[in-house]
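Reader: Hello! I am new to this structure; could you walk me through it with a few questions and answers?

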Amino acid sequence: MLDLWYTENHTDNVRFSIKTNKHIHSEQSDFQQIDFFESDEFGTFFTLDGLMMVNEKDEFVYHDMITHVAMATNPNIKKVLVIGGGDGGTVRELTRYASIEQIDMVEIDERVVRLSQEYLPITAGKLEDPRVTLLFEDGLAYVKNKEDGYYDLILVDSTDPIGPGEGLFSHDFYNNCFRVLTDDGILINQHESPYYPSYAHEMKRAHSKIKGLFPITRVYQFHMPTYPSGHWLFGFASKKFDPLKDADLEAWNKLGLKTKYYNTDIHTGAFALPTFVKEMLNDA
Ligand code: AAT
């Protein structure tokens, strides 16, 4: 039998490959090239413009970390905006909180959602929760037109800053996020990786913009085996709540949510950054 390998360039000099059994689906949508594959090691996975987005094996890491850190910091979050996240994994984690009343997901590419519903029910399975509204439009335009002080939490579950995701790393976008957040508001954003220079460059750019807008800005890390270098970050920006000083970790544990990556030790530990990352962020 022929070996079929999916290969991604992590840098010009480094490649990452996964042996696949089947190329399930391939299409060029109005926004990007979408490919779904089946593999033994990572289960079903999909790529956008040739970059790994989600697979069945490590998606729990990313979706736990984008969601639970903010939810443990402010348990009174009621209205949440997810930008991107078409696979549904972030929404799935949010729906586990009975306290959340409204989840709006603004995804630019409806095809990502429909294909995830077909091939990745593990992430897309909660998109029909009655609290969820799906809006198919550009997240940048959506926040621009939204009224002030509406959401308690914004989760930017976006692609890297190339293609349709580029605007979601702009000053204008972060500024509108600040405006549409309530006084208690928290913004979690895609923060790239500190390891390879091309990603580290984007990490610094994102950080310097957010630092100028929000009174509290932190960065936290997690281990994502299929993203370049495996060392990935989210940004935590907030108007009031500090994720370390203000989080009620005991209250989060009392909720009894079963998670595979996040726990309240990780909550604290994820904010402890290696020296080279601290130095890069200080320079940003
Ligand atoms: N849950 C992890 C999956 C993703 S996919 C990111 C999603 O963001 C894609 O579905 C893409 O269509 C959507 N997107 C990109 N640009 C915009 C935009 N301007 N407005 C709304 N949605 C957008 C994240 C993977 C992270 C990969 C890190 N290397």
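Reader: How much area do domain 1 and domain 2 bury between them?
Author: Happy to help! This is a predicted model, in which local features need pLDDT of at least 70, side-chain atom pairs count only at pLDDT 80 or more, and totals for chains, interfaces and linings use all residues. Residues are numbered from 1 along each chain as its sequence is written, and side-chain values use heavy atoms, with hydrogens and water left out. Buried area is the accessible area (1.4 Å probe) that two parts lose on being put together, summed over both; carbon and sulfur atoms hold 69% of it here, and the total for domain 1 and domain 2 is about 2100 Å².

Reader: Where does domain 2 lie in the chain?
Author: The bounds come from an automatic or database domain assignment. Domain 1 covers 4-55, and domain 2 covers 59-283.

Reader: How many residues does domain 2 bring to the contact?
Author: Contact here means heavy atoms within 4.5 Å. Domain 1 gives 22 residues, while domain 2 gives 23 residues.

Reader: Which side chain meets Arg111 in a salt bridge?
Author: A salt bridge is a side-chain nitrogen of Lys or Arg within 4 Å of a carboxyl oxygen of Asp or Glu. Across the interface of the two domains there is 1 salt bridge by this rule. For Arg111, the N to O distance is 2.9 Å, and the partner is Glu27.

Reader: Which strand supplies the largest share of the side of domain 1 that touches domain 2?
Author: Strands are DSSP runs (E, at least two residues), numbered from the N terminus. S2 (15-28), S3 (33-39), S4 (43-48) and S5 (51-55) each supply at least two residues of that side. The largest share, 5 residues, belongs to S5.

Reader: Which residue has a backbone N or O atom 2.9 Å from a nitrogen atom of the ligand?
Author: There are 28residues around the ligand (a heavy atom within 4 Å of it). Among those that come nearest are Gln32, His63 and Asp87. The backbone atom at 2.9 Å from the ligand nitrogen belongs to Gly139.

Reader: Which residue forms a salt bridge with Asp3?
Author: The whole structure has 14 salt bridges. In this one, the closest N and O atoms are 3.5 Å apart, and the partner of Asp3 is Lys19. The pair links distant parts of the chain, 16 residues apart: Asp3 sits in the segment before strand S1 (4-9), and strand S2 holds Lys19.

Terms used. Helix = DSSP H or I, 4+ residues; strand = E, 2+ residues; numbered from the N terminus. Polar contact = N/O pair within 3.5 Å; in protein donor to acceptor, adjacent residues only side chain to side chain.
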